[in-house]
Amino acid sequence: SDDAHDLFTRTFNPSFLQVASGATADSDRRAAAAQVLSVAAEKAHNPHLATLAYQVKLDAFTRVKKAIDDMIAQLLKEKDDEIKHKDFCTDEFHQNQLQTEKKDREEQDLTAKIEDLTMTIEQLAHAIEALKGEIAEMQVQLKRAGEDR
């Protein structure tokens, strides 16, 4: 904690400390004008002057209100944009999932077809071997028949 205190005292510059606000003169004039209008409204029993006095008093907040309203509008716009982006991502994810399932089914179908064709090739190879054997047997019989004559 001593190190932190030493660091703070070395880096702290009191000349950067805000002593007064520049808006105080403006707010003092605004408060004085509102006070004058309030006194005049009471003397004249005029509600329009009283309303004007409150408007002058509250006018300082109009910029703050406008800034807040602007921020709210921007946040609502961002919210709408994020909702659109989320919907887009959800749709794209769904489309991707459907395409993946379709490709998986195609892969399964092609794998089954390859297995079927492989079995057919094996059966035909066995049939060819059997026929070659029969041909050889027939040639032997033909040769014997030729010798017997």
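A residue is called buried when its relative accessible area is under 20%, exposed when that area is over 50%, and partly exposed in between. Glu106, at 33% relative accessibility, therefore counts as partly exposed. That vocabulary serves for the rest of this walk through the structure, which is a predicted model.

The protein chain contains four helices and zero strands, so that its pattern, when read along the sequence, is α-α-α-α. Of its 149 residues, 3% are buried, and the accessible surface of the protein chain comes to about 13,800 Å², with 60% of that area belonging to carbon and sulfur atoms. The confidence of the prediction varies along the chain: the average pLDDT is 85, and 83% of the residues score at least 70. Among the helices, helix 1 (residues 2-11) is where confidence is lowest, at a mean of 71, whereas helix 4 is where it is highest, at 93.

Helix 2 offers an example of a buried residue. Arg30 is found in this helix, and because its relative accessibility is 19%, while the limit for burial is under 20%, Arg30 counts as buried. Arg30 can also be placed with respect to a residue further along the chain, since Arg30 and Asp59 are separated by 29 residues in sequence and by 8.7 Å in space, taken from C-alpha to C-alpha.

The loop between helix 2 (23-44) and helix 3 (47-58) holds His45, a residue whose backbone deserves attention. Most residues other than glycine have a negative phi. His45, although it is not a glycine, has a positive phi of about 50°. As for its surroundings, His45 has a relative accessible area of 71% and is therefore exposed.

The remaining features lie in helix 4, and the reader may begin with its nonpolar surface. Ile68 is found in helix 4, which spans residues 62-148, and together with Met71, Ile72 and Leu76 it forms a nonpolar patch on the surface, the four residues sharing about 370 Å² of accessible area. Ile68 itself has a relative accessibility of 41% and so counts as partly exposed; this value also satisfies the requirement for patch residues, because they must have over 30% relative accessible area.

Which charged side chains are paired? The count comes to two salt bridges, and one of them joins Lys77 to Asp81, with the closest N and O atoms 3.3 Å apart. Both Lys77 and Asp81 lie in helix 4, where they are four residues apart, or about one turn of the helix. The two partners fall into separate accessibility classes: Lys77 is exposed because its relative accessible area is 53%, whereas Asp81, at 37%, is partly exposed.

A salt bridge also links the side chains of Glu106 and Lys103, with a distance of 3.9 Å from N to O. This pair counts because the nitrogen and the carboxyl oxygen need only be within 4 Å. Glu106 and Lys103 are three residues apart in helix 4, and so they are separated by about one helical turn. Lys103 has a relative accessible area of 52% and is therefore exposed, while Glu106, with which this account opened, is partly exposed at 33%.

How values were computed. Residues are numbered from 1 along each chain as its sequence is written. This is a predicted model: local features need pLDDT of at least 70, side-chain atom pairs count only at pLDDT 80 or more; totals for chains, interfaces and linings use all residues. Side-chain values use heavy atoms; hydrogens and water are left out. Patches are made of residues with over 30% relative accessible area and no salt bridge: like charges are joined within 9 Å, nonpolar side chains (Val, Leu, Ile, Met, Phe, Trp, Tyr) within 5 Å. Accessible areas come from the Shrake-Rupley method with a 1.4 Å probe; for residues, only the protein chains shown count as cover. Helices (H or I, at least four residues) and strands (E, at least two) are DSSP runs, numbered from the N terminus. Buried means under 20% relative accessible area, exposed over 50%, partly exposed in between (1.4 Å probe, protein chains only). pLDDT is the predictor's confidence in each residue, from 0 to 100.
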